[in-house]
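Let's take a stroll through a protein model and see how its pieces sit together. Have a look at the sequence and the structure first, then read on.

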Amino acid sequence: MAMLSAHRCGAGKDTHLENTRTALTRALDMDVEFVEFDVQRCGDGTFVAYHNDWITIDGRRVPLSELTFEEFSGQADHFLRYDEILDTLKGRKRAHIDFKFVSPPEAYRDPEKTYEVVATRRALEVLGADDIIVTTLEDQSVRVVRDWADSQRIDLLVGLSLGRDLDGMALPRRAAVRASELLPVVRYRRCRANLVVANFRLARKTLALYARLRGLPLLVWTVDEDDELRHWLAPGAAWLVTTNYPDRAARIRETRDT
């Protein structure tokens, strides 16, 4: 039976609570194995649980890279520092860490200098490799974390997320990106992802089969409808299911299990 991950700390319809202490506290009491949260990086190097790489201040979008954590928190004090979430989860839930940032291009020459490795190392120090997974949309981020983990002899699941939002892309670019997701052999080989992370619609088309043929665990996101939950929570369908409605998913899983 698949495990469950509470998307953005399980905020559900309360989107204003995504990645916040209120949602995290609630998620700790849910029947889930993982709590998923987004991670961004402020300009002073502080990692925060936040989805966008910008925040609105006085009607304009300000990149987080231009703000210290104190400046960011002054605008959004209900969001948590990365370290706070890790410390809260320790011994209670496993962490599904979704990186929303990348490093400067030159940093990838030395994995130790990348933001992704810094954040991963911190999670490993607090929780250990058995209690975290790392996911990201960015191929280079997967590769640098995998290479670093291997150099440290750490067995860590790192997944390349497939199902990127295509809004704003030109039609030829949209077609190319979606094709690379539906048939991801080359991308997965190059980035060395050892976890398939798939939007549930793409998983239905090709990616569940791809994961099965490759012998890789499958993480399906973001599954909210009852019919889809029943499908992906069936034995052998997925390794992990991310949902905005973990309480409902847990009830469906319990029903299937009895």
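Before we start, one handy term: two residues are in contact when they have heavy atoms within 4.5 Å of each other. Keep in mind, too, that this is a predicted model.

**Helix H4 and its neighbours**

Let's begin with helix H4, which covers residues 115-127. H4 has 13 residues, and the distance from its first C-alpha to its last is 18 Å, close to the 18 Å expected at 1.5 Å a residue. Which residues of H4 are buried? They are Glu116, Val117, Ala119, Thr120, Ala123, Leu124, Val126 and Leu127. An α-helix has 3.6 residues a turn, so residues three or four places apart point the same way. Keep that in mind when you look down the helix.

What do the buried residues of H4 pack against? Two of the partners are helices, H3 (82-89) and H5 (139-151). The others are strands: S3 (47-48), S6 (94-99) and S7 (132-136). Just past the end of H4 comes Gly128, with a positive phi of about 90°.

**Two arginines in helices**

One of H4's partners, H5, is home to Arg143. Arg143 has a relative accessible area of 33%, so it counts as partly exposed. It touches Arg190, Cys191 and Arg192, leaving aside residues up to four places away in sequence. Among those contacts, Cys191 is buried, at 2% relative accessibility. Arg143 also makes a nice example of folding in sequence versus space: Thr114 is 29 residues away along the chain, yet the two C-alpha atoms are 11 Å apart.

Now hop over to helix H10 (residues 246-257), where you'll find Arg253. Is Arg253 buried or exposed? It is buried, because its relative accessibility is 9%, under the 20% cut-off. If you again skip residues up to four places away in sequence, Arg253 touches Met1, Ala2, Met3, Leu4, Asp31, Glu33 and Leu233.

**A loop with two positive phi values**

Next stop is the loop between strand S1 (3-6) and helix H1 (21-27), which holds Arg8. Cys9 is in that loop between S1 and H1 as well. Here is how these two residues look side by side:

| Residue | Phi | Relative accessible area |
|---|---|---|
| Arg8 | about 50° | 17%, buried |
| Cys9 | near 70° | 0%, buried |

Both phi values are positive, and neither Arg8 nor Cys9 is a glycine.

Does a cysteine make you think of disulfides? A disulfide is a covalent bond between the sulfur atoms of two cysteines. How many disulfides does a search of the whole structure find? The count is zero. For Cys9, the nearest cysteine sulfur belongs to Cys42 and lies 17 Å away, and Cys9 is in no disulfide.

**Where two helices meet**

Our last stop is a helix pair. Two packed helices are described by the angle between their axes and the distance between the axes. For helix H6 (residues 171-182) and helix H8 (residues 200-214), the angle is about 60° and the axes are 9 Å apart. H6 and H8 are therefore oblique to each other.

Which residues meet there? H6 brings Arg178, Glu181 and Leu182, while H8 brings Leu202, Lys205, Thr206 and Leu207. This contact of H6 with H8 is a mix: three of its residues are nonpolar, one is polar and three are charged.

Key
Residues numbered from 1 in each chain as written. Predicted model: local features only at pLDDT ≥ 70, side-chain atom pairs only at ≥ 80, totals over all residues. Heavy atoms only, no water. Disulfide = S-S within 2.5 Å. Buried < 20%, exposed > 50% of the residue type's maximum accessible area, 1.4 Å probe, protein only. Helix = DSSP H or I, 4+ residues; strand = E, 2+ residues; numbered from the N terminus. Axes fitted to C-alpha atoms, helices over the stretch in contact; angles between N-to-C directions. Parallel < 35°, antiparallel > 145°, perpendicular 65-115°, else oblique. Nonpolar A, V, L, I, M, F, W, Y, C, P; charged D, E, K, R; others polar. Expected span 1.5 Å × (residues − 1).
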